Amino acid sequence: MKELIETIVKPLVDFPEDVHVNEHEEDQRVTYKLAVNKSDMGKVIGKQGRVAKAIRTVVYAAGSSQQKKIFLEIVE
């Protein structure tokens, strides 16, 4: 899943080397924390959060076969 998130986000940003995804797993949920360069934050979020929503939709759909709930957080 980390590779999927990186594959989606890296073409969108100016600094793809600054894209990092951390995974935090709990009992019934997995949280992926996406960190990008501060200047790329707007590109990842998009107008009114549309790009972020689209990324989350793809990630949630890809993880729907797992038994755990998947969350994607975008952090600075």
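The following questions and answers walk through a predicted model, from its sheet to its core and its third helix.

Residues are numbered from 1 along each chain as its sequence is written. In this predicted model, local features need pLDDT of at least 70, side-chain atom pairs count only at pLDDT 80 or more, and totals for chains, interfaces and linings use all residues, while side-chain values use heavy atoms, with hydrogens and water left out.

Student: What is the order of the strands in the open sheet?
Tutor: Strands here are DSSP runs (E, at least two residues) and helices are too (H or I, at least four), numbered from the N terminus. Two strands pair if DSSP finds at least two bridges between them. The open sheet has three strands with mixed pairing, and their order is 1-2-3.

Student: Which strands are the edge strands?
Tutor: An edge strand of this sheet pairs on one side only. That description fits strand 1 (20–25) and strand 3.

Student: How many bridges join strand 1 to strand 2?
Tutor: Strand 1 and strand 2 form a hairpin, with three residues between them. Glu 23 stands opposite Tyr 32 in strand 2. The two strands run antiparallel, and the bridges that join them number six.

Student: Do strand 2 and strand 3 run parallel or antiparallel?
Tutor: Look at the partners in strand 3. Tyr 32 has Leu 72 as its bridge partner there, and Leu 34 has Ile 74. Seven bridges join strand 2 to strand 3, and these strands run parallel.

Student: Why is strand 2 described as largely enclosed by the rest of the structure?
Tutor: Buried means under 20% relative accessible area, exposed means over 50%, and partly exposed lies in between (1.4 Å probe, protein chains only). Strand 2 has seven residues, and it is largely enclosed because the number of them that are buried is five.

Student: Is Thr 31 buried or exposed?
Tutor: Thr 31 sits in strand 2 (residues 29–35). Contact means heavy atoms within 4.5 Å. Leaving out residues up to four places away in sequence, Thr 31 touches Asn 22, Glu 23, His 24, Phe 71 and Glu 73. Its relative accessible area is 4%, so Thr 31 is buried.

Student: Which element gives the most residues to the largest nonpolar core?
Tutor: A nonpolar core is a set of buried Ala, Val, Leu, Ile, Met, Phe, Trp, Tyr and Cys residues joined through side-chain atoms within 4.5 Å. The largest one has 15 residues, and Tyr 32 and Leu 34 are among those with the most contacts inside it. Helix 1 (2–9), strand 2, helix 2, helix 3 and strand 3 (69–75) each give two or more residues. The element that gives the most, with three residues, is strand 2.

Student: Which residue of strand 3 does Ile 5 touch?
Tutor: Ile 5 is one of the core residues with the most contacts inside it. Not counting residues up to four places away in sequence, Ile 5 touches Val 21, Tyr 32, Leu 34, Val 59 and Leu 72. Strand 3 covers 69–75, and the residue touched by Ile 5 there is Leu 72.

Student: What is the relative accessibility of Val 59?
Tutor: Val 59 lies in helix 3. Not counting residues up to four places away in sequence, it touches Met 1, Ile 5, Ile 70 and Leu 72. Val 59 counts as buried because its relative accessibility is 0%.

Student: How far apart are the C-alpha atoms of Val 59 and Leu 72?
Tutor: Along the chain, these residues are 13 residues apart. In space, their C-alpha atoms are separated by 7.9 Å.

Student: Why do the buried residues of helix 3 line one face?
Tutor: Ala 52, Ile 55 and Val 59 are buried in helix 3. The buried residues pack against helix 1, helix 2 and strand 3. The face turned away from them carries the exposed residues Arg 50, Lys 53 and Ala 61. Seen down the helix axis, with directions taken from the axis to the C-beta atoms, the buried residues line one face because they fall within an arc of 65 degrees.

Student: What is the phi of Gln 48?
Tutor: Most residues other than glycine have a negative phi. Gln 48 lies in the loop between helix 2 (41–45) and helix 3 (50–62). It is exposed, with a relative accessible area of 74%. Although Gln 48 is not a glycine, its phi is positive, at about 55 degrees.
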